[in-house]
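Please open the model in a viewer and keep the sequence panel visible. The stops below say what to select next and what is found there.

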Amino acid sequence: MKNALRFLAFLGLAVLLFSAAVADRTEVVSVAKSAGRAAWLAAQGFDLLAEHEGRIFLAVSPEDLARLSDLRLPFRLETARLRAGLPAEPAPAGGINGDYHSYRELEAELQTLARDFPSLTKLSTIGQSLEGRNLYALKVSDNAAVDEKEPGFLILGCHHAREWISVEVPLLLARYLVENYATDAAVRDIVNRGETWVVPLVNPDGLEYSIHVYRYWRKNRRLNTDGSFGIDLNRNYGYKWGYDEVGSSGTPASEVYRGAAPFSEPEADACRRFFLEHDFRALVSYHSYAQIILYPWGYIDAPTDQDAALAALARKMAELMLPVNGRLYDYDRAAAGLYTTNGDTTDWAFAVAGIPAFTIELPPLDILHGGFFNKETDILPIFQENLPALLFLTRTAFAAGMPGTDGEQEARTAAPPRRGGDRGKD
Ligand code: 0X9
Ligand code: CA
Ligand code: ZN
């Protein structure tokens with residue numbers, strides 16, 4: 001009882017703190033308590049809040065978070081839980097990352113799929129990450145071992161380490177296609193006609209770092225010349241690379257550092273080579289969060305020569321997604337709808353191949369709904385709402401006359417409402 005009261009008082013303190021925190025971007029984190037650690041943290045200038053149940057609670061600025069990460073000190077983000085007045089969650093059953101897939105868990109799952117569906121899948125490695133992890137691609141097609149020169153559809157996940165949900169959607173799509181091939185004629189048609197390729201984890205080094213050290217990690221794990229780490233893989237592609245200092249940065253410590261040269265990073269370069277070796281008719285690169293479907297251009301606020309076709313496809317996707325769980329995905333040109341970026345995947349794919357290339361920012365809508373931290377129970381519904389959009393885009397991509405034409409016809413239906421409003425984020 002006394003403990004409970006103490007904790008309530010502590011929560012009260014935390015809640016007070018948050019009213020201030022929302023404005024100045026302070027977060028509350030906790031680290032495991034060990035001998036002398038509290039004093040040491042205080043000496044380092046960290047703002048200590050409390051000690052509770054074997055953990056030390058700190059108020060941290062974004063800069064403090066980066067420092068903690070440099071110190072390799074594993075910490076837990078407590079902000080959302082404390083704000084909601086929830087008790088500490090028990091460790092998730094699936095390990096430290098719960099139902100989400102780590103590099104090894106993904107590898108095992110892809111190998112299982114390939115083993116269970118040998119004629120419908122082919123597992124390949126399109127390259128290695130900087131730290132030597134495999135970059136896996138799973139092909140789903142009839143006679144998958146044979147190159148039948150069929151049209152392709154490419155789905156990428158996890159350019160950004162902390163966007164864990166973006167691994168799960170491509171992976172679940174591959175599973176869905178093979179598991180429903182025997183019973184669902186529409187799925188069979190897609191799988192027979194073309195090659196769906198999923199690369200669920202473009203940034204395995206970053207993901208592992210995000211799981212084990214610093215949950216907010218975004219970039220890859222390149223050691224830069226100034227001692228900072230990481231290049232933003234979604235600024236390292238070769239089209240209009242480094243076009244300006246707004247859409248990417250030349251400063252290594254920046255979260256949107258573009259690297260020393262286009263495709264300097266093995267992860268982005270592997271995607272480049274893989275893309276150029278195949279006849280992809282459409283591409284989706286999954287990210288989170290913002291709940292919006294984006295299409296080129298991203299580097300500049302201007303339409304491509306395919307703007308109407310791209311908009312029609314995006315609108316149709318949003319329309320198909322809405323009824324599944326009632327979640328409204330917005331759609332727009334990338335620079336107009338979110339912000340400008342240069343050197344991203346979809347501008348490059350569109351520029352070199354002229355194909356529909358979408359960035360889908362998965363839910364939630366904003367930081368107040370959880371930001372990068374989707375609940376484990378959200379994984380399946382998020383996949384389920386993306387499924388009809390992906391199936392639609394695949395069908396369109398595999399039909400004759402892509403890009404744009406056939407899809408545009410099919411897409412010319414009533415538009416879902418636009419969400420509009422401010423989409424700024426961190
Ligand atoms: O900034 C990015 O790379 C993507 N957003 S994220 O929050 N997942 O990092 C958006 C890329 C889409 N392209 C443009 N907005 N130009
Ligand atoms: Ca085939
Ligand atoms: Zn991202």
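Select the hairpin of strand 5 and strand 6, which has five residues between the strands; within the hairpin, glycine 132 takes a positive phi near 90 degrees. Helices (H or I, at least four residues) and strands (E, at least two) are DSSP runs, numbered from the N terminus. The model is a predicted one: local features need pLDDT of at least 70, side-chain atom pairs count only at pLDDT 80 or more, and totals for chains, interfaces and linings use all residues. Residues are numbered from 1 along each chain as its sequence is written, while chains are lettered from A and ligands numbered from 1 in the order in which they are written.

Now display the backbone of residues 121–128 (strand 5) and 134–140 (strand 6): the two strands run antiparallel and are joined by seven bridges. Glycine 127 has leucine 135 of strand 6 as its bridge partner.

**The sheet**

Extend the selection to the open sheet of eight strands, whose order is 5-6-8-7-9-12-10-11 and whose pairing is mixed. Two strands pair if DSSP finds at least two bridges between them. At the edges stand strand 5 and strand 11 (330–333), each with a single partner strand, so one side of each has no neighbour in the sheet. From one strand to the next, the twist averages 20 degrees.

Within this sheet, select strand 7 (residues 152–157) and strand 9 (residues 280–288), which pair in the parallel sense over six bridges. Leucine 156 has serine 285 of strand 9 as its bridge partner.

Next, add residues 379–398. This is helix 13, which lies across strand 7, strand 8 (195–199), strand 9 and strand 12, and runs at about 160 degrees to strand 9. Axes are lines fitted to C-alpha atoms, for helices over the stretch in contact, and angles run from 0 to 180 degrees between N-to-C directions.

**The nonpolar cores**

Select Leu138, Ala174, Val199, Ile293, Ala314 and Met317, the residues with the most contacts inside the largest nonpolar core, which has 97 residues. Helix 6 (residues 165–180) gives the most to this core, with nine residues. A nonpolar core is a set of buried Ala, Val, Leu, Ile, Met, Phe, Trp, Tyr and Cys residues joined through C-beta atoms within 7 Å. A residue is buried if 20 or more other C-beta atoms lie within 10 Å of its own, exposed if 12 or fewer, and partly exposed in between, with C-beta atoms placed from the backbone.

Centre on alanine 174. Its neighbours within four places in sequence left aside, alanine 174 is in contact with Leu113, Leu138, Val140 and Val198; two residues are in contact if their C-beta atoms, placed from the backbone, lie within 7 Å. A second, separate core of 12 residues includes Val28, Val29, Leu58 and Ala59.

**Helix 8**

Is helix 8 (residues 204–212) enclosed or open? Eight of its nine residues are buried, so helix 8 is largely enclosed by the rest of the structure. Among the buried residues are Asp205, Glu208 and Tyr209. Show helix 5 (103–116) as well, since the buried residues of helix 8 pack against it.

**Backbone details**

Select serine 288 and tyrosine 289: the peptide bond between them is cis, with omega near 5 degrees. Tyrosine 289 is in the loop between strand 9 and strand 10 (292–295). Another cis peptide bond joins proline 363 and proline 364, with omega about 5 degrees; proline 364 is in the loop between strand 12 and helix 13.

Go on to lysine 149, a residue other than glycine with a positive phi, near 55 degrees. Lysine 149 lies in the loop between strand 6 and strand 7 and counts as exposed because it has 8 C-beta neighbours inside 10 Å.

**Ligand 1**

Finally, which residues come nearest to ligand 1? Of the 15 residues around ligand 1, they are Asn234, His287, Gly298, Ala334 and Thr341. A residue is near a molecule or strand if its C-beta atom, placed from the backbone, lies within 6 Å of it. Helix 11 (334–337) and strand 12 (357–362) each supply at least two residues of this shell.
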